[in-house]
Amino acid sequence: MKQRAKRIEFKVFGPQAEKVYLCGSFNNWSESSDPMKKDSTGTWKKIKMLSEGTHEYKYLVDGDWTLDPECHDTTPNEFGTENNVVYL
């Protein structure tokens, strides 16, 4: 049976931010392939189609790696900090 991708919306509040990127295991931690768009409330959003499984991610906010404050699932990473985790 073929795995179905799920539509997941990532969002982070950052009205002062200039650029925000979604980085994770699903895009090889690319710092440029998934730019997020800011809405009128200052919330940055990005919709991704993700396959079933476990995906790690973080936001890159104006060059700073930032955890998702709305996601309480984290796992340690190789840099001594943590990544957020989404389970599908």
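The following dialogue discusses how to read several computed features of a predicted protein model.

Biologist: On what conventions does the model rest?

Modeller: This is a predicted model, in which local features need pLDDT of at least 70 and side-chain atom pairs count only at pLDDT 80 or more, while totals for chains, interfaces and linings use all residues. Residues are numbered from 1 along each chain as its sequence is written, and side-chain values use heavy atoms, with hydrogens and water left out.

Biologist: How many helices and strands does the protein have?

Modeller: Helices (H or I, at least four residues) and strands (E, at least two) are DSSP runs, numbered from the N terminus. Here the protein has zero helices and eight strands, so that its elements read β-β-β-β-β-β-β-β from the N terminus on.

Biologist: Which radius of gyration does the protein have, and what would a compact globule have?

Modeller: The radius is taken over C-alpha atoms, and the globule rule is 2.2 Å times the number of residues to the power 0.38. For 88 residues the rule gives a value near 12 Å, and the 13 Å of the protein agrees with that. The C-alpha trace spans about 45 × 30 × 25 Å along its principal axes.

Biologist: What share of the residues counts as buried?

Modeller: Buried means under 20% relative accessible area, exposed over 50%, and partly exposed in between, with a 1.4 Å probe and protein chains only. By this criterion 38% of the 88 residues are buried.

Biologist: Is Val86 buried or exposed?

Modeller: Val86 counts as buried because its relative accessibility is 17%. The residue belongs to strand β8 (residues 82–87). Contact means heavy atoms within 4.5 Å; beyond its neighbours within four places in sequence, Val86 is in contact with Leu50, Gly53, Thr54, His55 and Tyr57. The C-alpha atoms of Val86 and Thr54 are separated by 5.9 Å, although the two residues are 32 apart along the chain. For the protein as a whole, 63% of contacts between residues at least 6 apart in sequence join residues at least 24 apart.

Biologist: Why is Pro76 classed as it is?

Modeller: Pro76 has a relative accessible area of 63% and is therefore exposed. It lies in strand β7 (residues 74–76) and touches Thr81 and Glu82, not counting residues up to four places away in sequence. Between the C-alpha atoms of Pro76 and Glu52, 24 residues apart along the chain, the separation is 21 Å.

Biologist: Which sign does phi take in Trp29 and Asp62?

Modeller: In Trp29 phi is near 60°, a positive value in a residue other than glycine; in Asp62, likewise not glycine, phi is positive and near 50°. Trp29 lies in the loop between β2 (20–24) and β3 (37–38), and Asp62 in the loop between β5 (54–61) and β6 (64–66). Trp29 is partly exposed because its relative accessibility is 30%, and Asp62 is partly exposed because its value is 40%.

Biologist: How is empty space located, and which residues line the largest pocket?

Modeller: Rolling a probe the size of a water molecule over the atoms shows where empty space is left. On a 1 Å grid over the protein atoms alone, a pocket is an open set of points where a 1.4 Å probe fits, with protein on both sides within 12 Å along at least five of seven lines; lining residues have an atom within 4 Å of a point. The lining of the largest pocket consists of Trp29, Lys58, Trp65, Asn77, Glu78, Phe79, Thr81 and Asn83.
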